[in-house]
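Please read this briefing with the sequence and the 3D structure side by side, and look up each element as it is named.

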Amino acid sequence: MAQTLNLTITADVLTPAELSAAEARCWAAAQAATDHAYAPYSHFHVGAALLLDDGSLAWNTNQENAAYPSGLCAERTLLFGLNGQRPVRAVKLMAVAARPQNGEFVAVTSCGACRQVMIEFENQQGAAIPLLLPGPDGTIWRFKRLADLLPFQFMPDVLPPRS
Ligand SMILES: [Zn+2]
């Protein structure tokens, strides 16, 4: 008889008042960043923020282009930008927020391509990065690590060894 594989993904469902002070700062930074999205085509403003190990915050937004595939999500804009700087500061927390251009914040999760990049960044860091995502009805979903977002992610250990 065939076996069945069952997966469980766990996240805390919080109210904004249940965030720690550090979480609240990062959450607010992600929300504030949505003001600076360049999204003239989708009119969907996304902000992503990181709390770094020195207590500072980094953030970025989705960047679109008239040649649609040339744009990039907020999560990847942020992580690629950080990774290009040296020294790369350790990331303690990530948060994502989104809203229509002139609307209220909405529940959203990161796209599959961003999840893959987020996980590789986490692996590169060698330490879990908790994640705050906007859930329904004003709740906040808190994941313990970025990898929780993407079961069965592609891992580099399947690549052939370099000769
Ligand atoms: Zn994405």
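The points below go through the sheet, two helices and one buried residue in turn.

This is a predicted model. Six strands form an open sheet of mixed pairing, in the order 1-6-5-4-2-3, and helix 1 packs on that sheet. A right-handed β-α-β crossover takes the chain from strand 4 through helix 3 to strand 5.

**The sheet**

- As general background, the strands of a sheet pair through backbone hydrogen bonds, and the pairing is either parallel or antiparallel.
- The open sheet here has six strands, which follow one another in the order 1-6-5-4-2-3 with mixed pairing; strand 1 (12–14) and strand 3 stand at its edges with a single partner strand each, so one side of each is left without a neighbour in the sheet.
- Neighbouring strands of this sheet are turned against each other by 20° on average, when direction is ignored.
- Strand 2 and strand 4 run antiparallel and are joined by nine bridges, and leucine 51 stands opposite leucine 93 in strand 4.
- Strand 4 and strand 5, on the other hand, pair in the parallel sense over two bridges; methionine 94 stands opposite leucine 131 in strand 5, while alanine 95 has leucine 132 in strand 5 as its bridge partner.
- Of the ten residues of strand 4, eight are buried, so this strand is largely enclosed by the rest of the structure.

**Helix 1**

- Helix 1 (residues 21–33) has 13 residues, which at 1.5 Å a residue should span 18 Å, and its end C-alpha atoms are indeed 18 Å apart, which agrees.
- Which residues of helix 1 are buried? They are Glu23, Cys26, Trp27, Ala30, Gln31 and Ala33, and, seen down the helix axis, these buried residues fall within an arc of 165°, so they line one face of the helix.
- The buried residues of helix 1 pack against strand 2 (44–52), strand 3 (57–61), strand 4 (91–100), strand 5 (131–134) and strand 6 (140–143).

**Helix 3**

- The 14 residues of helix 3 (residues 112–125) should span 20 Å at 1.5 Å a residue, and the distance between its end C-alpha atoms, 20 Å, agrees with this.
- Cys114, Val117, Met118, Ile119 and Phe121 are buried in helix 3, and what covers the buried residues of this helix includes helix 2 (74–83).
- Glycine 126 follows helix 3, and the phi of this glycine is positive, near 80°.

**Methionine 118, a buried residue**

- Why does methionine 118, which lies in helix 3, count as buried? A residue is buried if 20 or more other C-beta atoms lie within 10 Å of its own, and methionine 118 counts as buried because it has 26 C-beta neighbours inside 10 Å.
- If its neighbours within four places in sequence are left aside, methionine 118 is in contact with Glu75, Leu79, Ser110, Leu146 and Leu149.
- One of these contacts joins separate parts of the sequence: methionine 118 and leucine 149 are 31 residues apart in sequence, while their C-alpha atoms are 9.2 Å apart in space.

Note on methods
Residues numbered from 1 in each chain as written. Predicted model: local features only at pLDDT ≥ 70, side-chain atom pairs only at ≥ 80, totals over all residues. Helix = DSSP H or I, 4+ residues; strand = E, 2+ residues; numbered from the N terminus. Expected span 1.5 Å × (residues − 1). Buried ≥ 20, exposed ≤ 12 C-beta atoms within 10 Å, placed from the backbone. Arc of directions from axis to C-beta. Contact = placed C-beta atoms within 7 Å. Pairing = 2+ DSSP bridges. Axes fitted to C-alpha atoms, helices over the stretch in contact; angles between N-to-C directions. Right-handed = clockwise from strand over helix to strand, strands pointing away.
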